[in-house]
Amino acid sequence: MIRLALAPEIKHNMLKETTLKALWEKLENIYASKSLTNCLCMKIKLYQLKMEIGGDLHDYINKFNQLVSQLLNADNKLSDEEQALLLLASLPRSFKALVQTLLVGRSTLNLDEVTVALRENGKMMRTENVDDEYNAIAVVESE
């Protein structure tokens, strides 16, 4: 007997399966479909993905990478440079200076370089914010 440790909405669809192979194939057919509709939906999600102002950069990069991985697993072609451009284009306006710095004077773009630059920029911004807290000047009005 197969014990299913699946979410209830998935579990009820799998109760009839008696072998692991049949269970795996059914799950694959439902959730790993490489159909045109599935691929288009994933592409739309990726192209519409935008980071919220003030959002967590680390979480956002992980979400971006997850969508890219899903597309690549569905046999979609997405060049490294296209991924890098999509990531940069999805950032809020507060990253405009960094994006321009990364693009100016380059003939190619690499996703790993962009990701490293974004993470380093995030670290610098956090350090500046901490320094600003310690260097704050209080203005007191006296009578």
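1. Residues with under 20% relative accessible area are termed buried, those over 50% exposed, and those in between partly exposed. The points below concern a predicted model and apply these terms to its cysteines before turning to its largest pocket.

2. Cysteine pairing. A disulfide requires two cysteine sulfur atoms within 2.5 Å. By this rule the model contains 0 disulfides. For Cys39, the nearest cysteine sulfur belongs to Cys41 and lies 9.3 Å away, and Cys39 takes part in no disulfide. The converse holds for Cys41, whose nearest cysteine sulfur is that of Cys39, at 9.3 Å; Cys41 is likewise in no disulfide.

3. Cysteine exposure. Which class does each of these two residues fall into? Cys39 has a relative accessibility of 10% and therefore counts as buried. Cys41, at 42% relative accessibility, counts as partly exposed because its value falls between the two cut-offs of 20% and 50%.

4. Largest pocket: volume and centre. The largest pocket holds about 430 Å³ of space. Its lining comprises 18 residues. Nearest the centre of the pocket are Leu57, Phe95, Gly122, Met125 and Arg126.

5. Largest pocket: contributing helices. Which helices each supply at least two residues of the lining? They are helix 4, spanning 57-73, and helix 7, spanning 111-134. Helix 7 provides the largest share of the lining, with 8 residues.

6. Largest pocket: chemical character. The lining residues divide into 7 nonpolar, 7 polar and 4 charged. For the purposes of this division, Gly is counted among the polar residues, a convention that bears on Gly122, one of the residues nearest the pocket centre.

Note on methods: Residues are numbered from 1 along each chain as its sequence is written. This is a predicted model: local features need pLDDT of at least 70, side-chain atom pairs count only at pLDDT 80 or more; totals for chains, interfaces and linings use all residues. Side-chain values use heavy atoms; hydrogens and water are left out. Buried means under 20% relative accessible area, exposed over 50%, partly exposed in between (1.4 Å probe, protein chains only). On a 1 Å grid over the protein atoms alone, a cavity is a set of points where a 1.4 Å probe fits but cannot get out, and a pocket is an open set with protein on both sides within 12 Å along at least five of seven lines; lining residues have an atom within 4 Å of a point. Grid points are joined across faces, edges and corners, and a volume is the space filled by probe spheres set on the points. Helices (H or I, at least four residues) and strands (E, at least two) are DSSP runs, numbered from the N terminus.
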